[in-house]
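Me: I've got a structure open on my screen and I'd like to learn how to read it. Could you walk me through a few features?

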Amino acid sequence: MRQLTPVDPHDSPAGRLAPVVPRLAGIAYGGDYNPEQWPAEVWREDVALMREAGVNLVSVGIFAWAMLEPAPGRYDFGWLDRVLELLDRAGIGVDLGTPTAAPPPWFLHRNPQARPVTRDGRVLGGGARQSFCPSSPAYADAAAAITERLARRYAGHPALMLWHAHNEYGGANAFCYCPVSAAAFRQWLRARYGTLEALNEAWGTAFWSQRYGDWAEIEPPVTAPTAVNPAQELDFYRFSADAHLANFRRERDILHRLSPGTPVTTNFMLANCKNIDYWRWAGELDLISNDHYLRAERADNHIELAMCADLTRSVAGGRPWLLLEHSTGAVNWQPRNIAKRPGELRRNSLAHLARGADGIMFFQWRASRSGAEKFHSAMLPHGGTGTRIWRDVVDLGATVRGLADLRGSRVVADAAVLWDWESWWALELDWRPSVDVTFRERVEAYYERLWRAHLTVDFAHPAASLDAYPLVIAPSLYLTTPAAAQNLRRYVAGGGTLVVSYFSGIVDGNDAVHPGGYPGALRELLGLSVEEFLPLRAGETVRLNGSAPDGGATADVWAERVVPAGAAVEWSYLDGPAAGLPAVTRHRYGRGTAWYVSTRLSGTDLDGVLARAYADAGVVPPAGVPDAVELVRRRGQGVEYLIAINHGECDARLPGAGLEMTTGTTVAGHLVVPAGEVRVLRTP
Ligand code: GLA
């Protein structure tokens, strides 16, 4: 067992307790503010109501390009000057957007070659947003020009706290297959491979007569008669994400040059954006920000929220981050836009805060009258200040103000879950052994069990240092590079406990199968090999002899022919295509232990395996905490904050003593968390 107590794995003297937005006092509270949608008379009311709600930061101008540059090279900043002045006089800070996610109609009209093209060759039009090719030089020039103008004008403005570059890079135009993109893709490939021989080798082009004799022959992976080369697909993911990163860097560098000292961020979509490898972006931002929207129809959507917040904090390297957008109520873009129930807004916001956010912001301040998002909830709904949402927003503002002390403190994690965008991309390409095997499904399944055990999770890249964690889980690591495999061996050999789920360690970074049999990258570490995949039919289940009280467990989706080579068999298949063969194994490797779970276990059946892994790792889930209570600890200088969120319908009693910060009461012995409520206990 690893001789470690769970500590803040990101604790570094540099940046410790540094405020996330240096010039802002307290926790950021506010939202996207789009004054250009309203007559100037409304602005005064906006600012007065913002003060009433405790708003101290608003994101302005994100979609205002056409209002700032109504014709190419003709600028109108007068209205924005007035808005910023009003905000400044009210003491409200500004997160100023570069409006480059929505080029004005004149841009597409003048630059028809910058329209994005889909995989099947359709040219997309305007009248929406994000209608531009990410590799377009015309777009790059226009975006740089407006960014420069803004930076020159507002650098040093007293209201300016933060720059908000663009909006959700890759959200609607992640991929473009136009001729400009194709040429840029070829250039990117030349830089990556140097020679055509190296590319042919990496892509395995001996298969299906795909060998390239000239760079000009290479296309993006457009719609083809059948499955396209998976290595080509993977590289196109990488290239496309890099194109967006280049667009971000261009703006960031302008902002840094012309507005030094003001941090630059952009709003990520963790963990709901598959297309951007955010690990690669992490070091590029001055601070990490995220947008999160509930999958509203799911009953346990607060667990998915927690997962996204934990991933955001992990991408931020454990440092505090900003929640730049979430919703006060329903969104408008899901099939059924379920409204938040009483208390849900508060629980959602404070769950983000618990998991390391030092700012709670919404889309958007005032509900729009026109346009595609008019039915999206807002801080100030169409119904105005007589509404429940408004009262909740004002209450939450007061609560957040009272929690200013948490700013800069760090979340304490118990375990790490591995997360790799490249593996996500590769796993879900065409023609895999089963369509039922997807990346997020397993990650969420394992995450949920840890959440229900009241354990806090950091996410980690498989090649990152894992030394701070007694327990690491690899729920879905189909693509495993040699560097990641070596990292995992080193981690376990040094005393760590690792749990690996099926169909992991199969291919390298080019989607080529690791030699020597499955799971090539992890065979030695797991002490076994997998002779054959045995995916199950839709709806088919298999039984395992397990640890549940009735002595069994049920699994579905996947089975395998596992051949132990050093690993001990802990569970076996009782029936199905792998009847009599090992299902779950445990391998002592160096000073640590590596578990392998070869089938899809869910719920308490998965708990059976995890309980054994917790014991190996010395991880002890807190006892006596009701199921529906979410518990997270943040640690500051000489203090610890316990945030308890009760998602259930009964009041909960937890052991604890200290100052309860939301009510200002002193707690001695027991902390009561009323049903649906949140409590924050501060202990020295
Ligand atoms: C995204 C965008 C916002 C808005 C919201 C609506 O997060 O960044 O501009 O469209 O979705 O939920």
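Reply: Sure, let's go through a pocket, a helix pair, some aromatic rings and a few backbone oddities. Keep in mind that this is a predicted model.

Me: Let's start with empty space. How big is the largest pocket, and which residues are closest to its centre?

Reply: The general idea first: rolling a probe the size of a water molecule over the atoms shows where empty space is left. Here, the largest pocket has a volume of about 810 Å³. Its lining counts 28 residues, and the closest to the centre are Gln 37, Phe 63, Ala 102, Ala 128 and Arg 129.

Me: Which helix gives the most to that lining?

Reply: That's helix 2, with 3 residues. Helix 2 covers 65-68, and helix 4, at 105-110, also supplies at least two residues. Sorted by class, the pocket lining holds 14 nonpolar, 10 polar and 4 charged residues.

Me: Now helix packing. At what angle do helix 10 and helix 14 cross?

Reply: Look at the two axes. Those of helix 10 (residues 301-315) and helix 14 (residues 439-452) come within 10 Å and cross at roughly 100°. Angles of 65 to 115 degrees count as roughly perpendicular, so helix 10 is roughly perpendicular to helix 14.

Me: Which residues meet there?

Reply: From helix 10 you have His 302, Ile 303, Glu 304, Ala 306, Met 307 and Asp 310. Facing them in helix 14 are Arg 440, Val 443, Glu 444, Tyr 447, Glu 448, Trp 451 and Arg 452. The contact divides into 6 nonpolar, 1 polar and 6 charged residues.

Me: How many aromatic pairs are there, and how do I read one?

Reply: The count comes to 41 aromatic pairs. To read one, check the ring centres and then the planes. Take Phe 533 and Trp 558: their ring centres are 5.3 Å apart and the planes sit at 45°, so the pair is tilted. Phe 533 belongs to strand 15 (residues 528-533), while Trp 558 is in the loop between strand 17 (552-556) and strand 18 (560-564), so the pair ties together parts 25 residues apart in sequence.

Me: And the backbone? Where are there cis peptide bonds?

Reply: Check omega. One cis bond runs from Leu 270 to Ala 271, with omega near -5°; Ala 271 is in the loop between strand 6 (267-268) and helix 9 (278-281). Another cis bond joins Tyr 518 to Pro 519, with omega near -20°, and Pro 519 is in the loop between strand 14 (497-501) and helix 16 (523-526).

Me: What's the phi of Ser 209?

Reply: Positive, at about 60°, although Ser 209 is not a glycine. You'll find Ser 209 in the loop between helix 7 (196-203) and helix 8 (230-258).

How values were computed: Residues numbered from 1 in each chain as written. Predicted model: local features only at pLDDT ≥ 70, side-chain atom pairs only at ≥ 80, totals over all residues. Heavy atoms only, no water. 1 Å grid on protein atoms, 1.4 Å probe; cavity = no way out; pocket = protein on both sides within 12 Å on 5 of 7 lines; lining within 4 Å. Points joined across faces, edges and corners; volume = space filled by probe spheres on them. Helix = DSSP H or I, 4+ residues; strand = E, 2+ residues; numbered from the N terminus. Nonpolar A, V, L, I, M, F, W, Y, C, P; charged D, E, K, R; others polar. Axes fitted to C-alpha atoms, helices over the stretch in contact; angles between N-to-C directions. Parallel < 35°, antiparallel > 145°, perpendicular 65-115°, else oblique. Contact = heavy atoms within 4.5 Å. Phe/Tyr/Trp six-rings, centres within 6.5 Å; stacked < 30°, edge-to-face > 60°.
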